[in-house]
Amino acid sequence: MPGTRPAAIAGAELTAAASLFDCRDCGACCASFRVSFYWAEADALGLPEALVEQLSPWYACLAGTNAASPRCQALQGEVGHCVTCAVYRQRPSPCRELQPGDAQCSKARLAWRLPALVVPSTEKVPGLAAATLPMPAHPARRDRR
């Protein structure tokens, strides 16, 4: 389709964006979403018990994120300016998966009235072309042909 980008290119651009943008100038995602994950992840990562709220027998979330106006208790500083995460090295998978400029990042920045991040095109990021090689079809999808 004209105007659409292959997923491999879009994913590589988001990875490149993560190295170009410093989340410590933002923090909008930490004050916009519930950060829920499999309960055992908290133990495996060594998250302090005070920062983990049990949601069900299987799921937990970061304290402060299961509220009408979520704000992770590990977030320190002012959203949109200078922030830090008290457990950055131990952060759970939802925090690790969110990338600067992706859909969730954009949604959080919009909610906080912060400007959207502009992800550079592959031509402007040195070495990115090597990361955008065509991906092989998923095995399950190959079987359907």
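Two strands count as paired here if DSSP finds at least two bridges between them. Keep that in mind as we walk through this predicted model.

**Stop 1: the whole chain.** Show everything as a cartoon and colour by secondary structure. You should find 5 helices and 5 strands. Trace the chain along its sequence and the elements come in the order α-β-α-β-β-β-β-α-α-α.

**Stop 2: the hairpin.** Select strand β2, residues 52–54, together with strand β3, residues 59–62. A hairpin of 4 residues links β2 to β3. The two strands are antiparallel, with 3 bridges between them. For a close look, show Val 52 as sticks and find Leu 62 of β3 standing opposite.

**Stop 3: the other partner of β3.** Now add strand β1, residues 36–38, to your selection. Which way does β1 run relative to β3, parallel or antiparallel? The answer is antiparallel, and 3 bridges hold the pairing on record between β1 and β3. Pick out Phe 37 and you will see that its bridge partner in β3 is Ala 60. With β1 and β2 both displayed, you have two strands that pair with β3.

**Stop 4: surface and interior.** Switch to a surface view of the full chain. Its accessible surface is about 9700 Å², and carbon and sulfur atoms account for 57% of that. Of the 145 residues, 29% are buried.

**Stop 5: contacts along the sequence.** Finally, bring up a contact map. Take the contacts between residues at least 6 apart in sequence: 59% of them join residues at least 24 apart.

Note on methods. Residues are numbered from 1 along each chain as its sequence is written. This is a predicted model: local features need pLDDT of at least 70, side-chain atom pairs count only at pLDDT 80 or more; totals for chains, interfaces and linings use all residues. Side-chain values use heavy atoms; hydrogens and water are left out. Buried means under 20% relative accessible area, exposed over 50%, partly exposed in between (1.4 Å probe, protein chains only). Contact means heavy atoms within 4.5 Å. Accessible areas come from the Shrake-Rupley method with a 1.4 Å probe; for residues, only the protein chains shown count as cover.
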